[in-house]
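Here is a briefing on strand order, strand pairing and helix packing. Please keep the model open while reading.

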Amino acid sequence: MKNKVEIILQIESAAYEGKNVARHEGKVYFVEGAVPGDTARCVVKKSKKSYAEVEAIEIIENSSLRVTPKCKYFGICGGCKWQNLSYEAQLEFKRQNVVDSFERIGGMKNVNILPVIGTERQYFYRNKMEFTFSRQRWLLEEERDSSFDEKAGFGLGLHIPKRFEKVLDINECWLQSESSNKILNTVRAFAKVKNLSIYSIKTHEGYTRHLVIRTSETTGEIMVNLVTTYDEHDAMTALTELLKKEVPQISTIVNNITGRKSMVAFGESEKIYHGSGYIYERLGNYRFRISANSFFQTNTRQADRLYAIVKDYACLTGSENVYDLYSGTGTIAIYVSDMAANVIGIESVDSAIQDARKNVELNNIQNCDFILGDLKDRLTKNKDWFNEHPKPDVVIIDPPRSGIHPKVIKEIAILQPKRIVYVSCNPATQARDVKSFIESGYRLEKVQPIDMFPQTYHIESVALLTFYLNL
């Protein structure tokens, strides 16, 4: 089948990364822009012998699962691909994604995968949003007349999928809060009035780069962080005064400054223009200090539930030694510390280690220690720390999306902890790694998915493994 050919398809099910599956005459079609149950006219984008990638250009018959998206930018921004799918269906398809990963990638049958823990807050759930300045604004359909061309030079919003240089200039987002939207629009208006220059990814010139807004679910505090290429004290001072006036609930305003060419919202230096430079959040009984560059779970309410599951699966009695691998800023380590004898966190990012130690001090915790270093090296070569810390009874793992390095899995298995609690944001790599643990003498007891990101296809899951075989 040639590209750009049109075909009518009945959408059967949801697939990973927000796509859908249809079948026709023995061929599999991955469909964008539809939901399961739709009958859609589609155009072929890429065709291979056994499958094709297509885009729905007309919905001929609506699925019973389809709902009306709340966001006026739906289908353009790409950030919430499932806003047109009922929340009940979202949870069902997310669980099925976990099942498929463990069956197809892990090669496991009859896995005890529990129903997804959903959330009562399906919008305004994020505590952090990162917006980008761009010289190349993505024009909406109604703006593409020549009279709108002059607007293409300024954008503050979210990236268009697969078009890194293009930014959708938005004035309303349903992911964070109404205060966040007001801050976004105030900063945009200020930048335009003051004619602030925008950083170019081609020439590497320009002042403004990112606007990062962080909010606390439990304290109501708000942090505004403007990421720029260089220091413009007068501009930041004026912006600070304007923000304090327009959004008086803002707790702190900072300016992260970076000369790096990469478009990462992380400063090499920082100047504080209002407040302390950080905000506080609570998880369980613990308080956490969050700076501009701290990592923190972006859905506070669901993070509390996630960590409660981790603690429950760890089955601690107060006598166990716990290793928290890929420990980040120490949130999990601190969360389980009251039920453990000792907790050791290992993390490769120095700033995260510093945040973890500050949070331990803030909560007056005496039984947590954090070790800086690449996990693979710390378990295979730089092992002097083993002399000071006992081997683990329980290992908690929360790796990046890429999963766990095979050498790390091997070394964990050699330590033979009684229980492994594996937290993952990627069911595919989690299933792959769990298969390796099973081959090393572990049994997979259960998997608990939890929805951290409503309106998206992403799913977090917690797997419990127990050691049963002395190989």
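What order do the strands of the open sheet of 7 strands with mixed pairing that includes strand 20 have? The order is 18-17-16-19-20-22-21. A second open sheet of 7 strands, also with mixed pairing, has the order 9-8-7-10-11-12-13. This is a predicted model: local features need pLDDT of at least 70, side-chain atom pairs count only at pLDDT 80 or more, and totals for chains, interfaces and linings use all residues. Residues are numbered from 1 along each chain as its sequence is written, and side-chain values use heavy atoms, with hydrogens and water left out.

**Terms**

- Helices (H or I, at least four residues) and strands (E, at least two) are DSSP runs, numbered from the N terminus.
- Two strands pair if DSSP finds at least two bridges between them.
- Buried means under 20% relative accessible area, exposed over 50%, and partly exposed in between (1.4 Å probe, protein chains only).
- Axes are lines fitted to C-alpha atoms, for helices over the stretch in contact; angles run from 0 to 180 degrees between N-to-C directions.

**Sheet 18-17-16-19-20-22-21**

- Strand 18 (368-372) and strand 21 (442-450) stand at the edges with a single partner strand each, so one side of each lacks a neighbour in the sheet.
- Neighbouring strands are turned by 15 degrees against each other on average, direction ignored.
- Helix 6 (residues 350-362) lies across strand 17 (342-347) and strand 18, at about 170 degrees to strand 18.

**Strand 20 and its partners**

- Strand 20 (residues 419-424) has 5 of its 6 residues buried, so it is largely enclosed by the rest of the structure.
- Strand 19 (residues 394-397) runs parallel to strand 20, joined by 4 bridges. Valine 395 stands opposite isoleucine 420.
- From strand 19 the chain passes through helix 8 (residues 406-415) to strand 20 in a right-handed β-α-β crossover. Right-handed here means that, with the strands pointing away from the viewer, the path from the first strand over the helix to the second runs clockwise.
- Strand 22 (residues 460-467) pairs with strand 20 in the antiparallel sense over 6 bridges. Arginine 419 faces threonine 466 across this pair.

**Sheet 9-8-7-10-11-12-13**

- Its edge strands are strand 9 (163-169) and strand 13 (269-274), each pairing on one side only.
- The twist averages 35 degrees from one strand to the next.
- Helix 2 (residues 178-193) lies across several strands, including strand 10 (208-215), to which it runs at about 160 degrees.
- Helix 3 (residues 233-246) lies across strand 11, strand 12 and strand 13, at about 45 degrees to strand 13.

**Strand 11 and its partners**

- Strand 11 is mostly covered, with 7 of its 7 residues buried.
- Ile222, Val224, Leu226 and Thr228 point one way, while Met223, Asn225 and Val227 point the other.
- Strand 10 and strand 11 run antiparallel, joined by 7 bridges. They form a hairpin with 6 residues between them, and glycine 220 in the turn has a positive phi of about 80 degrees.
- The chain then crosses from strand 11 through helix 3 to strand 12 in a right-handed β-α-β crossover.
- Strand 11 (residues 222-228) and strand 12 (residues 252-257) run parallel, with 6 bridges.

**Helix 1 and helix 9**

- The axes of helix 1 (residues 87-105) and helix 9 (residues 427-439) come within 8 Å and cross at roughly 40 degrees.
- The two helices are therefore oblique to each other (under 35 degrees is roughly parallel, over 145 roughly antiparallel, 65 to 115 roughly perpendicular, the rest oblique).
- Among the residues that meet are Val98 and Phe102 in helix 1, and Ala431 and Val434 in helix 9.

Key. Contact = heavy atoms within 4.5 Å.
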